[in-house]
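I opened the notebook to go through one model, starting with its strands and ending with its pockets. The entries follow in the order I looked things up.

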Amino acid sequence: MVGELDFERPVIELRKKIAELKEFTQTTDVDLTTEIRKLEVRLEKLERDIYENIKPWDRVQIARHPNRPTTLDYISYLFEDFFECHGDRTFGDDEAIVGGIAKFKGLPVTVIGHQRGKDTKENIRRNFGMPHPEGYRKALRLMKQADKFNRPIICFIDTKGAYPGKAAEERGQSEAIARNLFEMAGLRVPVICIVIGEGGSGGALGLGVGNRIYMLENSTYSVISPEGAAAILWKDAAFAQKAAESMKITAPDLKELSVIDDIIPEIKGGAHKDVKKQAEEIEKTLLLSLKQLLPLSEEERIADRYNRFRSIGEFGLVNDYIGIK
């Protein structure tokens, strides 16, 4: 089955068996109601056991699912009158990042996000969601425009990382990402960032300096991929599953470490199971964040963003040990 994940196979096989029995009952006079009900009870328990105890590597696989909703998928459900803007006014347009102006519940906002493809052709066109420097410069252009016209900024993060190719380096990939970090820190409008898939390294950070940072339940956020970490630590990418567990890259881990503000619950089995319902969960988070941030003054929003990042990495035991209160 296309898009089937290894850890889900027992659930999928049991669902298939139940469907077959129901079809058999409808086409014959044999009553299998009792047997079907027993299997449905078993399925409910199996789903609880699997989906409530998802391992880090399983979350990585869900985050990479080929049918996982993208930025444009969520834009179509969450915003009205989206007008996409193109180009960085320096080199060209990078389709690995999409952005533009829209309305959220009648409020003008700027929406920016990484965009990967749904098939091979689109992935090639969008460079598999790995931006070149012109993508980050396009994003920054839209952020500055939003800052000028007092529009909140909403960023969707979903990339394996910034493109590491020769052309990208020649055009200033590192500078473009660093510039975004610097400029986003001083934006006067509310900035809300949501990791919807993979949040990979500086490629993710280039859209990730916000007042509020959220992750979908089965997304990941890390400085390097599990395969890359495994290749460095154990000289073998086959240890990716072990690396995923050690790196603390899942939403529950990062919430505990205060790297993110909160976790947005996902549909059972992953956001790709029901995009509309998943968008509704994101909508609740956006409404709450805007309710908190819109009443603040410009200075308070900047201070809030500064303090949010300044507090990452504080550990009470260490502070107590060296006498800091």
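**Strands.** I took two strands as paired if DSSP finds at least two bridges between them. Helices (H or I, at least four residues) and strands (E, at least two) are DSSP runs, numbered from the N terminus. The model is predicted, so local features need pLDDT of at least 70 and side-chain atom pairs count only at pLDDT 80 or more, while totals for chains, interfaces and linings use all residues. Residues are numbered from 1 along each chain as its sequence is written, and side-chain values use heavy atoms, with hydrogens and water left out.

I looked up the partners of strand S3 (residues 107–114). Strand S2 (residues 97–104) runs antiparallel to S3, and 8 bridges join the two. In that pairing, Gly-99 stands opposite Ile-112. The hairpin of S2 and S3 has 2 residues between the strands, and Lys-105 there takes a positive phi near 55°. With S4, S3 pairs in the parallel sense over 4 bridges. Here Gly-113 of S3 faces Phe-156 of S4 as its opposite residue.

I then checked burial, where buried means under 20% relative accessible area, exposed over 50%, and partly exposed in between (1.4 Å probe, protein chains only). In S3, 6 of the 8 residues are buried, so the strand is largely enclosed by the rest of the structure.

**Aromatic pairs.** My rule was that rings of Phe, Tyr and Trp (its six-membered ring) pair if their centres lie within 6.5 Å; planes under 30 degrees apart count as stacked, over 60 as edge-to-face and the rest as tilted. I counted 5 aromatic pairs by this rule. Phe-7 and Tyr-51 make an edge-to-face pair, with 6.4 Å centre to centre and 85° between the planes. Phe-7 lies in the segment before helix H1 (9–27) and Tyr-51 in helix H2 (residues 33–51), so this pair ties together parts that are 44 residues apart in sequence. Phe-7 is buried at a relative accessible area of 15%, and Tyr-51 is buried at 9%.

I found Tyr-74 and Phe-156 stacked, at 6.2 Å centre to centre and 25° between the planes. Tyr-74 is in helix H4 (residues 71–78) and Phe-156 in strand S4 (residues 153–159), so to speak of distant parts of the chain fits: they are 82 residues apart. Both Tyr-74 and Phe-156 are buried. Ring pairs join Tyr-74, Phe-79, Phe-104 and Phe-156 in a cluster.

**Charges over rings.** I counted a charge as over a ring if NZ of Lys or CZ of Arg is within 6 Å of the ring centre and within 35 degrees of the ring normal. Arg-171 has its charged end over the ring of Phe-91, 4.1 Å from the centre. Arg-308 has its charged end over the ring of Phe-309, 5.2 Å from the centre.

**Positive phi.** Most residues other than glycine have a negative phi, and I noted the exceptions. Ser-201, in helix H9, has a positive phi near 55°. Ser-201 is partly exposed, with a relative accessible area of 30%. Lys-248 has a positive phi near 60° and sits in the loop between helix H11 (240–247) and helix H12 (251–256). Lys-248 is partly exposed at 41% relative accessibility.

**Pockets.** I worked on a 1 Å grid over the protein atoms alone: a cavity is a set of points where a 1.4 Å probe fits but cannot get out, and a pocket is an open set with protein on both sides within 12 Å along at least five of seven lines; lining residues have an atom within 4 Å of a point. Grid points are joined across faces, edges and corners, and a volume is the space filled by probe spheres set on the points. The largest pocket holds about 290 Å³ of space. Its lining has 21 residues, and Lys-160, Gly-161, Gly-200, Ile-224 and Ser-225 lie nearest the centre. At least two lining residues each come from strand S5 (191–200), helix H9 (201–205) and strand S7 (220–222).

For classes, I took Ala, Val, Leu, Ile, Met, Phe, Trp, Tyr, Cys and Pro as nonpolar, Asp, Glu, Lys and Arg as charged, and the others, Gly among them, as polar. The lining of the largest pocket has 9 nonpolar, 9 polar and 3 charged residues.

The second largest pocket has a volume of about 210 Å³. Of its 14 lining residues, Arg-64, Arg-116, Asn-123, Lys-160 and Glu-198 are the closest to its centre. This lining has 3 nonpolar, 4 polar and 7 charged residues.
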